Structures are given as C-alpha cells and as structure tokens.
Amino acid sequence: MSTEHQQSSPGTLFVVATPIGNLDDISQRAIKTLSEVDLIAAEDTRHTAKLLSHLGISKRTFALHDHNEKQKAQQVVDWLNEGLNVALVSDAGTPLISDPGYALVNLCRATGASVTPIPGACAAIAAVSCSGLPTDKFQFVGFLPAKSKARQDFYLSAYETGMTSIMYESTHRIMASLNDLKEALGAEQQVVLAKELTKSFETFFNGTVTELIAFLEQDTARQKGEIVLMLPGKPDQSSEINPEALRLIELLKADMPLKKACGVAAEYFGLKKNALYKSMLEQE
Ligand code: SAM
C-alpha cells in the first residue's frame, strides 16, 4: 500500500491505534494489518501479547519505548528499506499521542520511508466528542505539568487561549491538580472530567471545579482510573452585546441607516459590527 510521493521504502510503517479499554474498539483494518505485517513494534511487548492473543494473532514483536526509541528507530528504517512491513502499537489508543513513536515516525519522514496511519481510538478525542464543550477549536496538551506552580500557570494560559483544552491527568495527582485549577481560575470555573472511557465504570462529570472536587472526595474510588480533564476557554468577550453600544445605536439610527449606526458603535466600543447589527434586528 502506498500513500503519497516522497515515500520510497519498499516496506511500510503502519501506525496502528488499539483500544483504550473496550477490546471491541479495534478496526477490521487494524486486525488485518497486525496479521499481515512482518514485525510489531510495541511499547510493552507483554501488554501487546495479550491483545494479539485476544485477536488470535501470532506475530514477532519487539519493544520500542521512550528509553530505546532513538536507537531502535534506525533499525526499523533499515527493515523498511529491506522491504519488511512493520506495525507500531502502544499500550492503548493512538501511538505518539502521549505515547512513544515520535522519534521513529520523524526519522521515517526525514529519510523518505513509508508511514501510514491505521486510525482508531484516542482518549482525548473520545472525551472531547462527548464533553459538551466547544469542539470547533481545541488544544490537546498531553499530561499536565507535575509541579503545582507550573500547573496553575498552565491552567491560566490554557483558559486565555479561548479554546477548549484537553489534558491527561494521572490518578494520583488529580486532587492536587483540581485544587490548582481552583486556585488559578476560581471556585466557579467550569470543568469536565471523563474517566474510564469505554470501560464498565465510564464517567462524565460536568460542573464547577468545586463540585467536581466534592464529587471525587465523596468516594475516593472515584479518584481512581484513567482520566481526561477538559477546560473550556475564556468566552469571546467581543461577541457579548454591550447595552451601552445598543443605546448609542438607538440614538444614531435617527440620523443614519441602521448598518452605519452599528458600524460607528462597533468602532467606538471595539465590538463586531455584524454581532451588533444582528442583535438590533432581533430586537425589532
Ligand atoms: N495513546 C493514548 C491515547 O490515544 O489516548 C494515550 C496514552 S497516555 C500514556 C495514557 C493516558 O491517556 C491516561 O493516563 C489517561 O489520561 C488517558 N486515557 C487512556 N485511556 C483512557 C480511558 N479509557 N479513559 C480515560 N482516559 C484515558
């Protein structure tokens, strides 16, 4: 299978997504690919052995993780150039998304070796798609910083982007992390927690950070499991209708067309002309 030009190796690296909990969340194409490749690079070969055994696949695997990836990458590229097909998998979800694989894929691209995705589960995307938060623009930031001050700074800047932020947080840091969120953005800050996605105890919690802390403190078992935290961005102030601007338009429209009056008020208050115009039409 070839994807595009610039790729010249006879063998291909397949970046294969695996389930994040529910073992049924693996595509037919992923199963076919894992069955057909010559070798599988796995973050943890014992973990992947369980998945392969569940799928009835017997295949040679080797470890490719954060500690050996740089050394292994060249070896894998050599295999691709010799015509072998290799699959890359991590313990769960999409490789490279807070998981090993970057050094390998980067080297493949730099040397013209063929790389193609076999897409599937990713906790960040599964979480945000059901969060109820805006999904038109979002940022994924991987794991939150380990230190309290860095986390507070991070939360502040994430909020200021105006985008939904998606974060991975470890179970042993979740309470400290939520307290930092409260410190940085206030007790009433809205937040969404998605836990144990696709598993028996899947949980979504939408509410203020204070409510979420209380929910998790009520039963410490709720603090366990795999967690995605999501923070809405700061609302776009410019789209909020300023009553002063509307009053000015009322006065101006006696002497000029409504559109022009909206333009003047927008300029004066630093607002969007179209939003003001729409709001005036809605009032009429
Ligand atoms: N590559 C994975 C992906 O595509 O989502 C992420 C791997 S990262 C090492 C593991 C983190 O992802 C967990 O600590 C948790 O924050 C998140 N995660 C993974 N599976 C999850 C699940 N079933 N429910 C909620 N979060 C999950």
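Let's start with one residue. Tyr155 touches Leu144, Met167, Ser177, Asp180, Leu181, Ala184, Leu185, Leu229 and Leu231, leaving out residues up to four places away in sequence. Contact here means heavy atoms within 4.5 Å.

A word on the ground rules. This is a predicted model: local features need pLDDT of at least 70, side-chain atom pairs count only at pLDDT 80 or more, and totals for chains, interfaces and linings use all residues. Residues are numbered from 1 along each chain as its sequence is written, and side-chain values use heavy atoms, with hydrogens and water left out.

Back to the tyrosine. The largest nonpolar core has 22 residues, and Tyr155, Leu178 and Leu229 touch the most other members. A nonpolar core is a set of buried Ala, Val, Leu, Ile, Met, Phe, Trp, Tyr and Cys residues joined through side-chain atoms within 4.5 Å. Buried means under 20% relative accessible area, exposed over 50%, partly exposed in between, with a 1.4 Å probe and protein chains only. Which elements supply at least two residues each of this core? Helix H6 (148-160), helix H7 (174-185), strand S8 (190-195), helix H8 (209-218) and strand S10 (227-231) do. H7 gives the most, with six residues. Helices (H or I, at least four residues) and strands (E, at least two) are DSSP runs, numbered from the N terminus. Apart from this core lies another, of 18 residues, among them Leu13, Ala73, Cys108 and Val115. In general, nonpolar side chains in soluble globular proteins tend to be buried together.

Now H7. The helix has 12 residues and reaches 16 Å from first C-alpha to last, close to the 16 Å expected at 1.5 Å a residue. That expected span is 1.5 Å times one less than the number of residues. Which residues of H7 are buried? Ile174, Met175, Ser177, Leu178, Asp180, Leu181, Ala184 and Leu185. Their cover includes H6, strand S7 (164-169), S8, H8 and S10. Just after H7, Gly186 takes a positive phi of about 100 degrees.

Next along the chain is Gln189, in the loop between H7 and S8. Buried or exposed? Gln189 is buried, with a relative accessible area of 8%. Beyond four places in sequence, Gln189 is in contact with Tyr159, Leu181, Gly207, Thr208, Val209, Leu231 and Pro232.

Then S8. Five of its six residues are buried, so S8 is largely enclosed by the rest of the structure. S8 pairs antiparallel with strand S9 (residues 203-208) over six bridges. Pairing requires that DSSP finds at least two bridges between the strands. Lys195 has Thr203 in S9 as its bridge partner. S8 also pairs antiparallel with S10, over four bridges. There, Val192 stands opposite Met230.

Met230 comes up again with Ala127. Ala127 lies in helix H5 (residues 123-129). At 0% relative accessibility, Ala127 counts as buried. Ala127 touches Ala194, Leu197, Phe204, Val228 and Met230, not counting residues up to four places away in sequence. Ser35 is 92 residues from Ala127 along the chain, and their C-alpha atoms are separated by 29 Å.

On to a parallel sheet. The sheet is open, with five strands in the order S3-S2-S4-S1-S5. Strand S3 (61-63) and strand S5 (114-118) stand at the edges, each with a single partner, so one side of each is left without a neighbour in the sheet. Neighbouring strands are turned by 25 degrees against each other on average, direction ignored. Axes are lines fitted to C-alpha atoms, for helices over the stretch in contact, and angles run from 0 to 180 degrees between N-to-C directions. Strand S1 (residues 12-16) and strand S4 (residues 86-89) pair over three bridges. Phe14 stands opposite Ala87 in S4.

Two helices lie across these strands. Helix H2 (residues 45-55) crosses strand S2 (39-42), S3 and S4, running at about 150 degrees to S3. Helix H4 (residues 102-111) lies across S1, S4 and S5, at about 145 degrees to S1.

Last stop, helix H11 (residues 273-283). Leu276, Ser279 and Met280 are buried here. Why do they line one face of the helix? Seen down the axis, the buried residues fall within an arc of 100 degrees. The arc is that of the directions from the helix axis to the C-beta atoms. The face turned away carries the exposed residues Asn274, Lys278 and Glu282. Helix H9 (243-252) and helix H10 (258-269) are among what covers the buried residues of H11.
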